[in-house]
Amino acid sequence: MSSARALLLFAMSLAPAMLAQSPPPTSAPQPTFDVASIRQNTTSTDGHNHIYNDHSESHFRTVNVSLKDLVQYAYSLPKSQILGGAPWFDSTMFDLDAKSDAAVDAQLKALPDIDASQQKKLMVQALLADRFQLKTHQETRELPVFNLVLAKGGPKFKPSEANGTTVSTSTGTGIQRIRVQGSDNTIELLARELASALGRVVVDKTGIDARYDLTLRWMPADRPPPLINGAPDPNPPPDIFTAIQEQLGLKLEPARVPVPVLVIDHIEMPSEN
C-alpha cells in the first residue's frame with residue numbers, strides 16, 4: 001500500500017531541542033482546547049495521514065493519525081525517540097477536531113511564530129493527558145543511530161526555488177521514495193524521513209543547512225524487483241544505502257550515541273466525546 005504525505009511539522013531525526021518544552025513567557029493562564037472530538041478512524045484504507053494545523057489559531061484537526069503521531073507532534077520528537085506504549089499506540093487511527101474560543105485565537109496571533117507554535121503543542125500535550133490519560137517521563141539512552149554525512153565527491157542536489165516546504169513519501173510494497181522540497185534545513189527533514197524508513201535515529205552531520213530540492217528512490221533489499229509489463233524490472237533502484245550515495249552524494253554511517261527519549265508510562269483509549 002502506498003502512502004503519500006505532505007508534512008510541514010512532522011518528521012524524524014535526533015531532536016536538537018530539549019524534550020521538556022517550557023511555555024512562552026506570559027502571566028496569563030495557559031490556554032487549553034474548550035472542545036475536542038476524538039473518534040476512531042476505521043474507514044481510511046489508503047494509508048494517508050493528515051494533520052491540519054495553523055499555530056496562529058486554536059483550531060487543531062487530524063485525519064487518520066495514531067496516538068504516537070500525535071505525541072510526535074506535541075513533543076517535537078521523531079517516533080524513533082518515543083518508547084513504550086500499548087500495542088495499539090501506533091496502529092489504531094483517530095480523527096481529532098479540537099477548538100478553543102476567540103480569546104485564545106487572539107492570544108496565539110499576538111505571539112511570535114516560534115512561541116505560538118510551542119504554545120499550540122503544549123495545548124495538544126494537555127489534551128492528550130486529559131483524553132488519553134497520557135503519562136510520560138524523559139530519559140537519555142544509548143541507542144544505535146545512523147550519522148548522515150557527505151560522501152566522496154559531495155552533494156548531488158540543487159538549491160530550491162520553491163516557497164514553503166513539502167515532504168512526500170511513498171512506502172508501499174515496491175519502490176520506495178522520499179522527496180523533500182524547500183525548507184530552511186532540507187537535509188534535517190531528509191534525516192527525519194530516513195529515520196522513519198530505517199526505524200533508527202538519523203543524525204544530520206552534513207553541515208548543510210540551506211534550501212534544496214531532492215528525491216531519493218530505492219528498493220528494499222528483502223523485496224523482489226518491481227514488474228514492468230509482467231516481467232521483473234532489469235534495472236530496479238538500488239538499496240537505500242547505495243541510493244543515498246549514488247543519487248544524493250551522502251552516506252549513512254552506523255554509530256551509538258546517547259539519545260534523549262520520551263518513555264510512555266501509561267495511555268488509555270480516549271474518553272467519550
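1. Angles between helix axes under 35 degrees count as roughly parallel, over 145 as roughly antiparallel, 65 to 115 as roughly perpendicular, and the rest as oblique. In this predicted model, α1 and α3 pack at an angle of about 140°, and the two helices are therefore oblique to each other. Their axes lie 8 Å apart, and the crossing is left-handed.

2. Which residues make the contact between α1 and α3? On the α1 side they are L67, L70, V71, Y73, A74 and Y75. On the α3 side they are K120, K121, V124, Q125 and L128.

3. A second helix pair is formed by α4 (residues 186–198) and α5 (residues 240–248), with an angle of about 160° between them and axes 13 Å apart. That angle makes α4 roughly antiparallel to α5. The crossing of α4 and α5 is right-handed. From α4, the residues in contact are L190, L194, A197 and L198; from α5, they are I240, F241, I244 and L248.

4. As for the chain in general, the protein has five helices and 14 strands. Of its 273 residues, 43% are buried. Among contacts with a separation of 6 or more, 79% are between residues 24 or more positions apart.

5. The largest nonpolar core has 29 residues, and L67, V71 and L128 touch the most other members. At least two residues of this core come from each of β1 (35–40), β3 (60–66), α1, β5, α2 (102–110), α3 (113–131) and β14. Helix α1 gives the most, with six residues. L67 and V71 of α1 and L128 of α3 also take part in the packing of those two helices.

6. What does V71 touch beyond its neighbours within four places in sequence? Its partners are S76, I82, F89, L128, L134 and L262. Apart from the largest core lies another, of 24 residues, which includes I178, L189, A195 and L250.

7. On charged pairs: side chains of opposite charge can pair when their charged atoms come close. The structure holds six salt bridges. One of them joins the side chains of K79 and D69, with N and O 2.7 Å apart. K79 lies in the loop between α1 (67–75) and β4 (82–84) and D69 in helix α1, so the pair ties together parts that are ten residues apart in sequence.

8. K79 also forms a salt bridge with D90, where the closest N and O atoms are 2.9 Å apart. D90 sits in the loop between β4 and β5 (93–99), eleven residues from K79, and the pair links distant parts of the chain. D69, K79 and D90 are thus linked in a network of salt bridges.

9. Are the members of this network buried or exposed? Residues under 20% relative accessible area count as buried and those over 50% as exposed, with partly exposed in between. D69 has 6% relative accessibility, so D69 counts as buried. K79, at 21%, counts as partly exposed. D90 is partly exposed as well, with a relative accessible area of 36%.

10. Another salt bridge is that of R256 with E142, the closest N and O atoms being 3.4 Å apart. R256 is in strand β14 (residues 250–266) and E142 in strand β6 (residues 135–150). The two are 114 residues apart, and their pairing links distant parts of the chain.

11. V259 is also in strand β14. V259 is buried, with a relative accessible area of 0%. The C-alpha atoms of V259 and E139 are separated by 8.3 Å, while the residues are 120 places apart along the chain.

12. P270 lies in the segment after β14. Which residues does P270 touch, not counting those up to four places away in sequence? They are I38, F94, R131 and F132. With F94, P270 has a sequence separation of 176 residues and a C-alpha to C-alpha distance of 9.6 Å.

How values were computed
Residues numbered from 1 in each chain as written. Predicted model: local features only at pLDDT ≥ 70, side-chain atom pairs only at ≥ 80, totals over all residues. Heavy atoms only, no water. Salt bridge = Lys/Arg side-chain N within 4 Å of Asp/Glu carboxyl O. Helix = DSSP H or I, 4+ residues; strand = E, 2+ residues; numbered from the N terminus. Buried < 20%, exposed > 50% of the residue type's maximum accessible area, 1.4 Å probe, protein only. Contact = heavy atoms within 4.5 Å. Core = buried A, V, L, I, M, F, W, Y, C linked by side-chain atoms within 4.5 Å. Axes fitted to C-alpha atoms, helices over the stretch in contact; angles between N-to-C directions. Left-handed = near helix turned anticlockwise from the far one by under 90°.
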